[in-house]
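Q: Could you take me through one part of this model in detail? I would like a close look at a set of aromatic side chains and then at what surrounds them.

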Amino acid sequence: MTRAALVGSLMALTAGILWSFGVLTVRFATESDPFQYLVWRGIGVLIAMETISLVGGQGLLLPRFLKSDGLGILAAAGLVLAAVAFIFALKSTTVAAAVFFSSTAPLQTAILARIVLGERLGLVGTAAILIGLAGLVVMVGGELGSGSLAGNLGGLLSAFGFAVYAVCVRVGKGRDWAPVLSGYGLLTLVVCVATTLVNGRPLVVPPFDAAMALIHGAVLIGIGTILFNRAARVVPAVGLTVLAQTETVFAPLWVYLVLAETPRTSSLIGGALILAAILLRALAPAKDPVPALGSGPT
């Protein structure tokens, strides 16, 4: 492994750990619904991205996002879908279930990468997807009757949104993705403000809830996604999401240690199968390496 690949891998691992703390800020914000929470988290993301860009002498990001091509808009939309669906899942089912369902992102990325980037699945990759599906079946079976079906589907939808974003980043790995993160914050605000108003809910939430959401957006999401984007320049699409699965490992642990939420046995068994599938997919040989696009790492 080259030094660049090693550093990129460490960045992806760190991004996953940062994201994993988000389950605590969401659970601590008990007085806000998913859309109210995301309004303030979106503000946090915008503040973080614009501040970092201004301090770095690169100017404002939003004007650049508004001039984005279709790939940039699609990437931002993927992040918005992932965010809304995941927060909904966290507030509708157990953290373990939400995280494990959303952790199918690498498997969904593999399928999208096959379609978009021409990466072949191969025998090992196909086996990984089948094992992952078996894990989902186990988890869904254990969740039947729990009243959390919508939350579980939210986790799966979140994984799809993230897979879309991961493939977009890999396709344009030589470009600056920072404007897309600000665009993601803006689109999240637009969608969630509109939904909150339509639902007749106030935009202003209790100060503690707002603080949790701002920290989630500005610190955990902002810094974590910057690290993820830098890692994307040297780490393949599927491997990138695999390394970021530190979120899957640590998120249920934080909730167990801090909130004493014990996962269902079916969630642990199904989650273990999904993680095994992700690791198996990571070990699959790349038959059709994706050619470097753009200017490459800077």
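In which helix do F162 and Y165 both lie, and how many residues apart are they?

A: Happy to. F162 and Y165 both sit in helix α9, three residues apart, which is about one turn of the helix. Before going further, please keep in mind that this is a predicted model, in which local features need pLDDT of at least 70 and side-chain atom pairs count only at pLDDT 80 or more, while totals for chains, interfaces and linings use all residues. Residues are numbered from 1 along each chain as its sequence is written, and side-chain values use heavy atoms, with hydrogens and water left out.

Let's start with the rings. The rings of F162 and Y165 have centres 6.2 Å apart and planes at 50°, so this pair is tilted. Rings of Phe, Tyr and Trp (its six-membered ring) pair if their centres lie within 6.5 Å; planes under 30 degrees apart count as stacked, over 60 as edge-to-face and the rest as tilted. F162 also pairs with W19: here the centres are 5.8 Å apart and the planes are at 80°, so the pair is edge-to-face. This second pair links distant parts of the chain, with W19 in helix α1 (residues 3-20) and F162 in helix α9 (residues 149-171), 143 residues apart. Helices are DSSP runs (H or I, at least four residues), as are strands (E, at least two), and they are numbered from the N terminus. Together, W19, F162 and Y165 form one aromatic cluster, and the structure holds four aromatic pairs.

How accessible are these three residues? Y165 is buried, at a relative accessible area of 1%. W19 is buried at 9%, and F162 is buried at 16%. Buried means under 20% relative accessible area, exposed over 50% and partly exposed in between, with a 1.4 Å probe and protein chains only.

Helix α9, the home of F162 and Y165, also packs against another helix. Its axis and that of helix α5 (residues 70-92) come within 7 Å and cross at roughly 155°. Axes are lines fitted to C-alpha atoms, for helices over the stretch in contact, with angles from 0 to 180 degrees between N-to-C directions. The two helices, α5 and α9, are therefore roughly antiparallel to each other. Angles under 35 degrees count as roughly parallel, over 145 as roughly antiparallel, 65 to 115 as roughly perpendicular and the rest as oblique. The crossing of α5 and α9 is left-handed; that is the name if the near helix is turned anticlockwise from the far one by less than a right angle, and right-handed is the name if clockwise.

From α5 we can step on to helix α6 (residues 95-102), as the axes of α5 and α6 come within 7 Å and cross at roughly 150°. That makes α5 roughly antiparallel to α6, and this crossing is right-handed. On the α5 side, F86, A89 and L90 make the contact, and on the α6 side V95, A98, V99 and S102 do. Contact means heavy atoms within 4.5 Å.

Two other buried residues are worth a visit. T25, in helix α2 (residues 22-28), is buried at 7% relative accessibility. Its side chain is joined to that of Y37 by a polar contact of 2.8 Å. A polar contact is a pair of N or O atoms within 3.5 Å; within protein, one must be able to donate a hydrogen and the other to accept it, and residues adjacent in sequence count only if both atoms are side-chain atoms. Setting aside residues up to four places away in sequence, T25 touches Y37, M212, H216 and L220.

Q36, in helix α3 (residues 34-55), is buried at a relative accessible area of 3%. Apart from neighbours within four places in sequence, Q36 is in contact with E31, T196, R201, P202 and V205. The C-alpha atoms of Q36 and L189 are 9.6 Å apart, although their positions lie 153 residues apart along the chain.

For contrast, try A260, in the loop between α13 (246-259) and α14 (265-283). A260 is exposed, at 58% relative accessibility, and its phi is near 55°, a positive value in a residue other than glycine.

Stepping back, the chain has 14 helices and zero strands, and 53% of its 298 residues count as buried. Among contacts between residues at least 6 apart in sequence, 89% join residues at least 24 apart.
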